[in-house]
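User: I'm new to reading protein structures, and I'd like some help. Could you walk me through one, feature by feature?

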Amino acid sequence: MAEGAGGWGRRDLLRRGLLVAGGVAVGAGMSEAWRITHRRMSITGGPASATLGNGQQDVGSGALEVVWSGRTNQRLVALTFDDGPAPQWTPMVLDTLAQHRVPATFFMVGAQVRRHADVVRDRLDGHEVGNHSWEHRDLAELDAAEAYGDLRRSHDAIADLTGVPPALLRPPYGHLGGAVLHTAARLDYRLLLWSLQMVEREFPGRADGWSHCGV
């Protein structure tokens, strides 16, 4: 065969063709190796990913609202309390709120709900209860399946206690990972954070103690 216009003969073409084919094979192999090595990383469903798998996303209404505070023309404060119920603090808080006829939102930990249900049973009328995870783990470190399992377990515990499925989520520490967002959308939650937080360790001299709260 005669050389082509560019001066390439049969051997040159075959040699270059094999190099191209080999490059495709090596590239495909490296891509598969990367996928296997990083299958739990953010791009394929790890803690930072707000997607799960390659199929249709099961995300409830398909939208998610994140709230730090709300605009109002009235002088209002929304009180929220985290981490309970706890026998030594929650009844005190409920008694004080009842005395002043003030409603609040309690973000409860599912394991605590199971353990101390009698502390708050029939005492939450007029208040709202939100999900604060099962055992207060940092959900931003979990992948989507783990985050969903944790929050679903707590969701069911709260629904069993109050008779009403929770509609609000406050992730522990306010950490928002992609898996948290994915689960919140999947459970049709609103994500509620805070604009002002009371940190217990900053009040070491209070003999009566404080409950973790935000507004």
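Analyst: Happy to; we will go from the whole chain to one helix and then to some salt bridges. Keep in mind that this is a predicted model.

User: Let's start broad. How many helices and strands does the protein chain have?

Analyst: There are six helices and eight strands in the protein chain. Their order along the sequence is α-β-β-α-β-α-α-β-α-β-α-β-β-β.

User: What percentage of the residues is buried?

Analyst: A residue counts as buried when its relative accessible area is under 20%. Here, 37% of the 215 residues fall into that group.

User: Now a single helix. How do I read the span of H5?

Analyst: The idea is to compare the distance between the end C-alpha atoms with the value expected at 1.5 Å a residue. H5 covers residues 144-162, and its 27 Å reach is close to the expected 27 Å.

User: What is found at the two ends of H5?

Analyst: At the start, aspartate 143 has a side-chain oxygen within 3.2 Å of the backbone nitrogen of alanine 145. After the helix comes glycine 163, with a positive phi near 80°.

User: Which residues of H5 are buried, and what covers them?

Analyst: The buried residues of H5 include Tyr148, Leu151, His155 and Ile158. Among the elements covering the buried residues of H5 are strand S3, helix H3, strand S4 and helix H6.

User: H6 leads me to salt bridges. How many does the structure hold?

Analyst: The structure holds seven salt bridges. In one of them, the side chains of arginine 186 and aspartate 58 meet at 3.4 Å, N to O. Arginine 186 lies in helix H6 and aspartate 58 in the loop between H1 and S1, so this pair links parts of the chain 128 residues apart.

User: Which residue pairs with arginine 190?

Analyst: Arginine 190 forms a salt bridge with glutamate 65, and their closest N and O atoms are 3.0 Å apart. This pair also links distant parts of the chain: arginine 190 sits in strand S6, and glutamate 65 in the loop between H1 and S1.

User: And aspartate 82 with arginine 170: are these residues buried or exposed?

Analyst: Check each relative accessible area against the 20% cut-off. Aspartate 82 is buried because its value is 6%, and arginine 170 counts as buried at 1%. Their salt bridge has its closest N and O atoms 2.9 Å apart.

User: Why does arginine 190 count as partly exposed?

Analyst: Arginine 190 counts as partly exposed because its relative accessibility is 39%, a value between the 20% and 50% cut-offs.

How values were computed
Residues numbered from 1 in each chain as written. Predicted model: local features only at pLDDT ≥ 70, side-chain atom pairs only at ≥ 80, totals over all residues. Heavy atoms only, no water. Helix = DSSP H or I, 4+ residues; strand = E, 2+ residues; numbered from the N terminus. Expected span 1.5 Å × (residues − 1). Buried < 20%, exposed > 50% of the residue type's maximum accessible area, 1.4 Å probe, protein only. Contact = heavy atoms within 4.5 Å. Polar contact = N/O pair within 3.5 Å; in protein donor to acceptor, adjacent residues only side chain to side chain. Salt bridge = Lys/Arg side-chain N within 4 Å of Asp/Glu carboxyl O.
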